[in-house]
Amino acid sequence: MADPVPEAAARAGATGPEKAEASGATEASGATEAPGEPAETAPVAARDARGWRGWRGRRPFWGGLLVLLGGAEILFTLRAPLPVVLHIGMQGLAGYLVPAVMVICGVLILLNPAQRLFYSILAVLASLASWITSNLGGFLIGMIIGVLGACLTFGWLPDQPPRRRRLRRTPRGKAAGPARA
């Protein structure tokens, strides 16, 4: 694979020591690789799984997904057959607008986790407003899923190390470490 720095230096008109200096910057950083060797030796499937886990781990994934599913469930109940629909509360635009806001908040939580607090507050307000506007909040199911997702999003903290499973406790009588005096 060609090194992009010398090409950029050549396009900029760098010659002699400037070009050598630009190409030496990448070699000093340890980014050199022998020609013909692949950049990564891990299998493609393993790299894709790590990429998905990395993307999912850097954002409040489950909270955003629950908000999105709660809004979708409420929208689905609005299109239910006539005998199932309760027609309680406001009808018309508000019945579709509130769950649409929930769906949009769910997508924005997933795509823009930096603004998760604003989106989670907006999602919990829209979820609670769906009680009045959208068939009792999608027969309570969509409203509860939306509130739960908004709470998960609000409580999510970025840049935490991944949690490991709890260490198994040793049975009584066997000391796990040095005995205390």
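This briefing covers the overall fold and four residues of one protein chain. The model is predicted. The protein chain has eight helices and zero strands. Buried residues account for 25% of its 181 residues.

**Overall fold**
- From the N terminus on, the order of elements is α-α-α-α-α-α-α-α.
- Take the contacts in the protein chain with a separation of 6 or more: 71% of them join residues 24 or more positions apart.
- The exposed surface of the protein chain comes to about 13200 Å². Carbon and sulfur atoms supply 64% of that area.

**Helix α7: two positive phi values**
- Helix α7 spans residues 135–139. N135 lies in this helix, and L136 is placed there too.
- N135 is not a glycine, yet its phi is positive, at about 50°.
- L136 also has a positive phi, near 55°, and is a residue other than glycine.
- Is N135 buried or exposed? N135 is buried, with a relative accessible area of 2%. It counts as buried because that value is under the 20% cut-off.
- L136 has a relative accessible area of 21%. L136 is therefore partly exposed, since buried means under 20% and exposed means over 50%.

**Helix α5: L108**
- L108 sits in helix α5, which covers residues 93–111.
- Its relative accessibility is 30%, so L108 counts as partly exposed.
- Which residues does L108 touch, leaving out those up to four places away in sequence? They are P113 and Y119.
- L108 and Y119 are 11 residues apart along the chain. Their C-alpha atoms are separated by 7.3 Å.

**Helix α6: S120**
- S120 belongs to helix α6, residues 116–133.
- S120 has a relative accessible area of 1%. S120 is buried because this value falls under 20%.
- Where residues up to four places away in sequence are not counted, S120 touches I109, A150, T153 and F154.

**Points to check in the viewer**
- For backbone geometry, look at N135, with its positive phi of about 50°, and at L136, with phi near 55°.
- For side-chain surroundings, look at S120 with I109, A150, T153 and F154. Then look at L108 with P113 and Y119.
- For accessibility, set S120, buried at 1%, beside L108, partly exposed at 30%.

Conventions
Residues are numbered from 1 along each chain as its sequence is written. This is a predicted model: local features need pLDDT of at least 70, side-chain atom pairs count only at pLDDT 80 or more; totals for chains, interfaces and linings use all residues. Side-chain values use heavy atoms; hydrogens and water are left out. Helices (H or I, at least four residues) and strands (E, at least two) are DSSP runs, numbered from the N terminus. Buried means under 20% relative accessible area, exposed over 50%, partly exposed in between (1.4 Å probe, protein chains only). Contact means heavy atoms within 4.5 Å. Accessible areas come from the Shrake-Rupley method with a 1.4 Å probe; for residues, only the protein chains shown count as cover.
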